[in-house]
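Here is a short briefing to read alongside the sequence and the 3D view. Take a look at the model, then go through the points below.

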Amino acid sequence: MKKKIDDLNSWLYHRIRMCIWKQWKLPKTKKRNLMKLGIPEYFAHQAANSRRKYWYVSGMGAVNRALTKERLINSGFYDLATAYQSVHVNC
């Protein structure tokens, strides 16, 4: 069950990154926000002006490094793996 929870958790964070990427809408907003999150200008420009779809770009390195799992958890998103481990402490 733990493997399935981890797979679901990784898919969920990918989906959250995609929704955030979609909310930023314009390439200049995407680039500006990526740079605020510590991504160098070259990589932020490359990701922001990508013509690929939202799901593909949300899996790119620049977006993954900017919107890490820890950052998303600190922003208020829920982590299924830690919740599962807190319930099943003996496993």
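**Fold and surface at a glance**

The secondary structure of this chain amounts to seven helices and zero strands. Please keep in mind that the model is predicted. The topics below go from the overall fold to one patch on the surface.

**Overall fold**

- Reading from the N terminus, the order of elements is α-α-α-α-α-α-α.
- Along the principal axes, the C-alpha atoms fill a box of roughly 50 × 20 × 20 Å.
- Among contacts in the chain with a separation of 6 or more, 65% join residues that are 24 or more positions apart.

**Burial and exposed area**

- The chain has 91 residues, and 32% of them count as buried.
- About 6,500 Å² of the chain is exposed, and carbon and sulfur atoms supply 56% of that area.

**Charges**

- The chain carries 18 positive and 5 negative charges.
- The mean positions of these two sets of charges lie 12 Å apart.

**A nonpolar patch**

- Leu-8, Trp-11 and Trp-55 make a nonpolar surface patch of about 320 Å².
- One of these residues, Trp-11, sits in helix α1, which covers residues 2-23.
- How exposed is Trp-11? Its relative accessible area is 44%, so Trp-11 is classed as partly exposed, since that class lies between the 20% limit for buried and the 50% limit for exposed.
- Patch residues need over 30% relative accessible area, and Trp-11 has 44%.

Technical notes:
Residues are numbered from 1 along each chain as its sequence is written. This is a predicted model: local features need pLDDT of at least 70, side-chain atom pairs count only at pLDDT 80 or more; totals for chains, interfaces and linings use all residues. Side-chain values use heavy atoms; hydrogens and water are left out. Patches are made of residues with over 30% relative accessible area and no salt bridge: like charges are joined within 9 Å, nonpolar side chains (Val, Leu, Ile, Met, Phe, Trp, Tyr) within 5 Å. Accessible areas come from the Shrake-Rupley method with a 1.4 Å probe; for residues, only the protein chains shown count as cover. A salt bridge is a side-chain nitrogen of Lys or Arg within 4 Å of a carboxyl oxygen of Asp or Glu. Helices (H or I, at least four residues) and strands (E, at least two) are DSSP runs, numbered from the N terminus. Buried means under 20% relative accessible area, exposed over 50%, partly exposed in between (1.4 Å probe, protein chains only). Contact means heavy atoms within 4.5 Å. Lys and Arg count as positive and Asp and Glu as negative; His and the chain ends are not counted. The place of a charge is taken as NZ of Lys, CZ of Arg, CG of Asp or CD of Glu.
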